[in-house]
Amino acid sequence: MIQITNQNRLIHFGRLNVTLVSSVLRFLSTYKTLNNSNIVEPVKLAYASYESMKENSNVTIHPIVIMHGLFGSKNNWNSLSKAIHQKSQRKVIAVDARNHGDSPHSSEMSYKHMAKDIVQLLNDLELEKAILIGHSMGGSTMMYLALHYPELVEKLVVVDMSPARPSPSLTEMVKIFKVMRSITLDGSPSLSKARKMAEEQLAKVVKPLALRQFLTMNLVEAEPGKYKWRVNLPVLEQNFSTEIAIFPNVAEKVYMGPTLFIGGSNSDYIKIEDHPAIKKLFTRAEFLYVAGADHWVHADKPAEFIKIVTNFINQTHS
C-alpha cells in the first residue's frame with residue numbers, strides 16, 4: 001500500500017517537473033519575443049556632406065546634422081546646407097530619413113527608430129558629437145535623440161515643431177495621404193508631365209501651389225513610362241497618426257544643452273502658451289519666430305533662417 005503511494009507520488013512529481021519545464025520554456029519564448037520586439041534596428045541613412053578642404057587640427061569642431069520633415073529629402077536642404085557651412089565653417093551633413101529620399105525603406109517608422117538611425121550614422125562616421133537641426137518630423141527626431149542621447153549633442157535647433165502637442169494642421173495630412181494614393185499617371189510621356197498631372201490631382205485637396213510642387217518632387221520614374229512615389233507611402237500613412245503626428249512620452253527625460261526653437265509667425269506648430277511645457281524637457285530652450293513665415297520657415301524666409309541658425313551655432317554657450 002505504501003509502495004504504491006510512493007510510486008504515485010513519484011509519478012506525480014515527474015508530471016510537476018514536466019509542467020514546470022514547459023512553463024519555463026513558454027516564459028523564455030515569450031520573453032525572447034518581447035525582448036526582440038524592443039530591439040531597434042537602425043538603417044544606413046543616405047546623406048550629403050558639405051565641407052571645405054581647410055581643417056584646423058588643433059580644435060575639435062563638431063559637424064552639423066540636418067534632417068528634413070515628412071515627404072522631404074536632403075535635396076531640399078542643398079542650398080541651405082552650403083550657406084550654413086560657409087557661415088559656420090562647420091561640416092554639414094544633410095540626411096534622408098528612413099522611408100524617404102535615397103535611404104532604405106522599412107516597415108518600422110517611429111522617432112525611436114529615426115533617432116537610432118542618426119546615432120548609427122554618427123558612430124559610422126566616428127563623430128563624437130554633433131549640432132542637430134531638424135524640421136517638423138526631423139525636428140521631433142532630433143528632440144528625441146537629444147533627450148535620450150544628450151552626450152552626442154552639442155546644440156539643438158528645432159524648426160517649427162513642438163513636443164508639447166501636435167498642430168491642428170496635421171489633421172490635413174490624412175486627406176493628403178488619401179489623394180496621393182489615388183493619383184493615376186497612365187500615359188505620362190515624361191517625368192515632368194507626370195509631376196504636372198499629379199500636381200493637378202493634388203489640387204483637389206492641397207491648395208498652396210508650393211506644397212503641391214514639394215509633394216510631387218517625390219515622384220520618380222520606376223521604369224520607362226512608369227512612375228512611383230519615392231517615399232514609402234503605405235508605411236508613412238500607417239504610422240502617421242500614432243508615431244509621427246504625436247511626440248512620444250519621454251517622462252523624466254531632460255536635455256540641458258543649448259536649444260533653439262524657430263517657428264513661423266503664420267504657423268500654429270509652436271504655441272507661445274506651450275513654452276513652459278517645452279522648457280521642462282529642454283531647460284535652456286530659446287524661442288524665435290520668423291515674421292511672414294509659415295510651417296516651412298527655411299523655405300519661406302531662407303535668408304532670415306540662415307542668419308538665425310548660424311548666429312546660434314557660432315554663439316559661445318557656457
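Which residues in α2 meet which residues in α11? On the α2 side they are L80, A83, I84, K87 and S88, and on the α11 side P302, F305, I306, V309, T310, I313 and N314. Bear in mind that this is a predicted model. The briefing below looks at that helix pair, then at two other pairs, and then at the empty space.

**α2 against α11**

- The two axes come within 10 Å of each other and cross at roughly 40°. That angle makes α2 oblique to α11.
- As for handedness, α2 goes past α11 in a right-handed crossing.
- Sorted by class, the contact of α2 with α11 has eight nonpolar residues, three polar ones and one charged one.

**α5 against α8**

- Here the axes come within 11 Å and the crossing angle is roughly 155°. Angles over 145 degrees count as roughly antiparallel, so α5 is roughly antiparallel to α8.
- The crossing of α5 and α8 is left-handed.
- From α5, the contact takes in M173, F177, K178, M180 and R181, while α8 brings L233, L236, E237 and F240.
- There are six nonpolar and three charged residues in the contact of α5 with α8, and no polar ones.

**α3 against α4**

- Helix α3 covers residues 111-124 and helix α4 covers residues 137-148; they pack at an angle of about 75°, with their axes 8 Å apart. The two are therefore roughly perpendicular to each other.
- On the α3 side, the contact is made by Y111, K112, M114, A115, I118 and V119, and on the α4 side by M137, S140, T141, M142, Y144 and L145.
- Nine nonpolar, two polar and one charged residues make up the contact of α3 with α4.

**The largest pocket**

- About 910 Å³ of space lies in the largest pocket. It is lined by 44 residues, and H135, L211, F214, H295 and W296 are the closest to its centre.
- Which helices each supply at least two residues of the lining? They are α2 (78-88), α5 (172-182), α7 (209-216), α8 (233-244), α10 (297-300) and α11 (302-314).
- α7 gives the most to this lining, with five residues.
- Both partners of the α2 and α11 crossing are on that list of helices, and so listed too are α5 and α8.
- The pocket lining divides into 25 nonpolar, 14 polar and five charged residues.

**The largest cavity**

- How many cavities of 30 Å³ or more are there? The count comes to one.
- The largest cavity has a volume of about 50 Å³.
- Its lining is made up of S140, M161, S162, R165, P166, S167, L170, I244, A245, I246, F247 and Y269.
- S140 turns up twice in this briefing: it lines the largest cavity, and it is one of the α4 residues in the contact with α3.
- By class, the cavity lining has eight nonpolar, three polar and one charged residues.

Definitions and conventions:
Residues are numbered from 1 along each chain as its sequence is written. This is a predicted model: local features need pLDDT of at least 70, side-chain atom pairs count only at pLDDT 80 or more; totals for chains, interfaces and linings use all residues. Side-chain values use heavy atoms; hydrogens and water are left out. On a 1 Å grid over the protein atoms alone, a cavity is a set of points where a 1.4 Å probe fits but cannot get out, and a pocket is an open set with protein on both sides within 12 Å along at least five of seven lines; lining residues have an atom within 4 Å of a point. Grid points are joined across faces, edges and corners, and a volume is the space filled by probe spheres set on the points. Ala, Val, Leu, Ile, Met, Phe, Trp, Tyr, Cys and Pro count as nonpolar, Asp, Glu, Lys and Arg as charged, and the others, Gly among them, as polar. Helices (H or I, at least four residues) and strands (E, at least two) are DSSP runs, numbered from the N terminus. Axes are lines fitted to C-alpha atoms, for helices over the stretch in contact, and angles run from 0 to 180 degrees between N-to-C directions. Angles under 35 degrees count as roughly parallel, over 145 as roughly antiparallel, 65 to 115 as roughly perpendicular and the rest as oblique. A crossing is left-handed if the near helix is turned anticlockwise from the far one by less than a right angle, and right-handed if clockwise. Contact means heavy atoms within 4.5 Å.
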